[in-house]
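This report covers pockets, strands, aromatic pairs and unusual backbone spots. Keep the structure open while reading.

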Amino acid sequence: MTPFQKCLSVLAASGLVAAVVLPSQADAEVADPALVGRWSAPFAMGGVAIHATLTHTGDVLFFQYVEGNLATDHTSYIGTWNYQTGVTRAAPTGYDRDFFCASQNVLPDGRVFVAGGHDHNTGKRQSSVGVAETDIYDPVARTWTAGPLLGEKRWYPTNVGLPDGRTLVFGGHYTSSQPSHTVDAYNSTTNTIARLPASATLPVGLYPRMHLLANGVVVKSGPPRLTRYFNPSTSSWTSGPAMKFGARSRGTSILLPGAEAVLAIGGADASGVPTATTEILDTSAATPSWQYTGSLTYPRIMANAVSLPDGNTLVVGGGTTFKYGGPAKAPEMYDAETEDWDVMAAQQASRVYHATALLLPDGRVLSAGQDDGPLASYGEVYSPPYLFKGPRPSISAAPAVSGYGQNILIETPNAQDIARVSLIRPSSTTHSVDTDQRSIPLTFTKGASSLTARSPANSKLAPPGYYMLFIVNGEGVPSVASWVRIKN
């Protein structure tokens with residue numbers, strides 16, 4: 001709720017007003033941006049960002065399905081958008097490949113690994129026929145390379161990066177009657193794929209919602225309702241607690257700062273009715289169990305969740321019916337301390353099925369995608385309220401590389417005002433699933449014109465790769481991030 005809505009709730013409880021009226025999504029549009037933020041005007045991207053990945057070059061890599069003449073066009077539209085310049089450029093593979101409904105993640109060296117996807121020979125973007133192809137994108141050279149084949153064909157799989165630098169590929173299917181139950185492991189050092197032992201084989205469905213926890217275990221937060229834990233060191237599964245609401249079909253989940261707790265958001269019940277409820281699984285508890293937290297104002301399926309530098313979580317888009325019905329154009333912000341959700345300024349475009357959202361290094365959020373409506377191939381950028389609360393702290397210098405458990409010297413003229421230092425891994429998202437996203441708060445001490453932060457203790461907490469280093473002042477205002485590569 002907005003602060004005004006909270007006031008109404010208190011008055012209603014006291015009997016001073018007859019009823020509380022839910023805010024319309026337009027209410028937030030005219031409010032103070034220091035309370036609800038502000039959206040940019042929509043801008044053309046040249047394609048539909050059904051898949052989106054932030055790279056350490058400042059480009060957002062995005063791609064969609066194959067379009068055009070069936071006789072000649074067998075390749076997805078692929079492009080990059082630069083958050084600093086606003087320039088969009090094509091980034092074609094140079095060979096036939098349909099990336100639609102693949103999975104992707106960022107490798108330890110900053111390249112993007114794409115697994116599975118759609119069979120470009122079918123000529124139908126919705127035919128749900130998977131492939132075994134993999135591909136690697138180099139954001140510096142802007143080149144694509146075909147990778148090794150998966151052990152089985154996959155459409156709608158999920159990639160999860162591990163502490164040892166490997167990527168596990170879970171789930172998906174070849175066809176609707178041929179699900180993919182095995183687990184493939186990609187080693188970027190040797191450029192090879194190996195199938196994990198039979199103990200790893202399990203039906204996990206399409207685009208399972210999975211996150212690497214700080215203890216090195218991968219949690220599957222739905223669907224279905226029952227939580228599952230996968231231990232990469234033993235290639236084995238164990239069962240966890242059941243979500244209180246249910247499977248949260250077409251919902252989303254996000255790893256909260258510190259990588260020990262998962263927030264499950266929205267989704268629908270067995271009859272397809274969307275929910276505004278959210279719940280948290282704290283895996284650091286003696287007996288972890290899902291517990292309800294604050295509820296959204298707007299029920300949502302197919303929304304995207306974004307971790308912000310100040311520790312809050314932003315939910316963007318979604319709607320009430322599959323695929324594009326009842327769009328929720330006003331995002332909502334979750335405050336982990338109060339467990340409240342606040343309604344933010346509404347965007348212009350509908351962002352439901354096939355939409356994406358991710359954090360940019362300057363603290364803004366890109367929202368794009370949805371293959372329906374006049375703004376499908378347009379993006380919008382959201383400036384959260386913290387960008388309207390005074391001057392930003394700045395980073396004068398920071399190391400480009402750090403190991404684990406090491407001091408990171410951050411030079412800043414605002415050292416005495418800093419209240420938070422964190423590393424945030426760049427997002428790689430599609431279909432409301434973002435396994436790369438993680439925020440790691442760092443302990444730090446203050447000097448006259450510098451901060452000394454302690455890098456993550458190990459690769460379970462922060463898998464090797466590129467991270468955005470943010471400093472945040474006492475008003476919650478973040479710096480523009482510096483890129484730091486964490487490696488062994």
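In which loop does Tyr 207 lie? Tyr 207 sits in the loop between β16 (192-195) and β17 (210-212). The model is a predicted one, and every value below is computed from it.

## Tyr 207, Arg 250 and the second largest pocket

Tyr 207 is not a glycine, yet its phi is positive, about 40°. Its relative accessible area is 5%, under the 20% cut-off, so Tyr 207 is buried.

Arg 250 is another non-glycine residue with a positive phi, here near 60°. Arg 250 belongs to the loop between β20 and β21. Its relative accessibility is 38%, so Arg 250 counts as partly exposed.

Both residues also appear at a pocket. Tyr 207 and Arg 250 are among the residues nearest the centre of the second largest pocket, together with Tyr 156, Tyr 353 and His 431. In total, 22 residues line this pocket. Its space comes to about 410 Å³. The lining divides into 11 nonpolar, 8 polar and 3 charged residues.

## Aromatic rings

Two of those tyrosines, Tyr 156 and Tyr 353, also take part in ring pairs. The count for the model is 16 aromatic pairs. A pair of rings is described by the distance of the centres and the angle of the planes.

Is the pair of Trp 155 and Tyr 156 stacked or edge-to-face? The ring centres are 4.1 Å apart and the planes meet at 25°, so this pair is stacked. The cut-off for stacking is under 30 degrees. Trp 155 is buried, at 7% relative accessible area. Tyr 156 is buried too, at 11%.

Phe 322 and Tyr 353 make an edge-to-face pair, with 4.9 Å between centres and 75° between planes. This pair links distant parts of the chain, 31 residues apart. Phe 322 is in the loop between β26 (313-316) and β27, while Tyr 353 is in the loop between β28 and β29 (355-359). The two partners fall into separate exposure classes: Phe 322 is partly exposed at 40%, whereas Tyr 353 is buried at 8%.

Elsewhere, Phe 63, Phe 99, Tyr 137 and Trp 144 form one aromatic cluster.

## Two hairpins and two cis bonds

Strands β18, β19 and β20 are joined by antiparallel pairings. The table lists both.

| Strand pair | Bridges | Residues between | Positive phi in the turn |
|---|---|---|---|
| β18 (218-220) and β19 (226-231) | 3 bridges | 5 residues | Gly 222, about 110° |
| β19 and β20 (236-242) | 5 bridges | 4 residues | Ser 235, about 55° |

Each pair forms a hairpin. In the β18-β19 pairing, Val 219 has Tyr 229 as its bridge partner. In the β19-β20 pairing, Arg 228 stands opposite Ser 239.

The loop between β18 and β19 holds Pro 223 and Pro 224. Which residue is joined to Pro 223 by a cis peptide bond with omega of about -25°? That residue is Gly 222, which also carries the positive phi in the turn. A cis bond also joins Pro 223 to Pro 224, with omega of about 5°.

## A four-stranded open sheet

Further along, 4 strands make an open sheet in the order β21-β22-β23-β24, with antiparallel pairing. Why is one side of β21 and of β24 left without a neighbour in the sheet? β21 (252-255) and β24 (290-293) stand at the edges, and each has a single partner strand, so one side stays unpaired. From one strand to the next, the twist averages 25°.

β21 pairs with β22 (261-265) over 4 bridges. Within that pairing, Thr 252 is the bridge partner of Ile 265.

## The largest pocket

The largest pocket holds about 760 Å³ of space. Its lining has 38 residues, and those nearest its centre are Asp 310, Asn 312, Tyr 334, Asp 335 and Ala 336. Elements giving two or more residues to the lining include the helices α1 (3-14) and α2 (33-36). Strands doing so include β23 (278-282) and β24, which belong to the open sheet. β27 (332-335), β28 (340-343), β34 (418-425) and β39 (465-473) also give two or more residues. By class, the lining has 18 nonpolar, 8 polar and 12 charged residues.

Technical notes:
Residues are numbered from 1 along each chain as its sequence is written. This is a predicted model: local features need pLDDT of at least 70, side-chain atom pairs count only at pLDDT 80 or more; totals for chains, interfaces and linings use all residues. Side-chain values use heavy atoms; hydrogens and water are left out. Two strands pair if DSSP finds at least two bridges between them. Axes are lines fitted to C-alpha atoms, for helices over the stretch in contact, and angles run from 0 to 180 degrees between N-to-C directions. On a 1 Å grid over the protein atoms alone, a cavity is a set of points where a 1.4 Å probe fits but cannot get out, and a pocket is an open set with protein on both sides within 12 Å along at least five of seven lines; lining residues have an atom within 4 Å of a point. Grid points are joined across faces, edges and corners, and a volume is the space filled by probe spheres set on the points. Ala, Val, Leu, Ile, Met, Phe, Trp, Tyr, Cys and Pro count as nonpolar, Asp, Glu, Lys and Arg as charged, and the others, Gly among them, as polar. Rings of Phe, Tyr and Trp (its six-membered ring) pair if their centres lie within 6.5 Å; planes under 30 degrees apart count as stacked, over 60 as edge-to-face and the rest as tilted. Buried means under 20% relative accessible area, exposed over 50%, partly exposed in between (1.4 Å probe, protein chains only).
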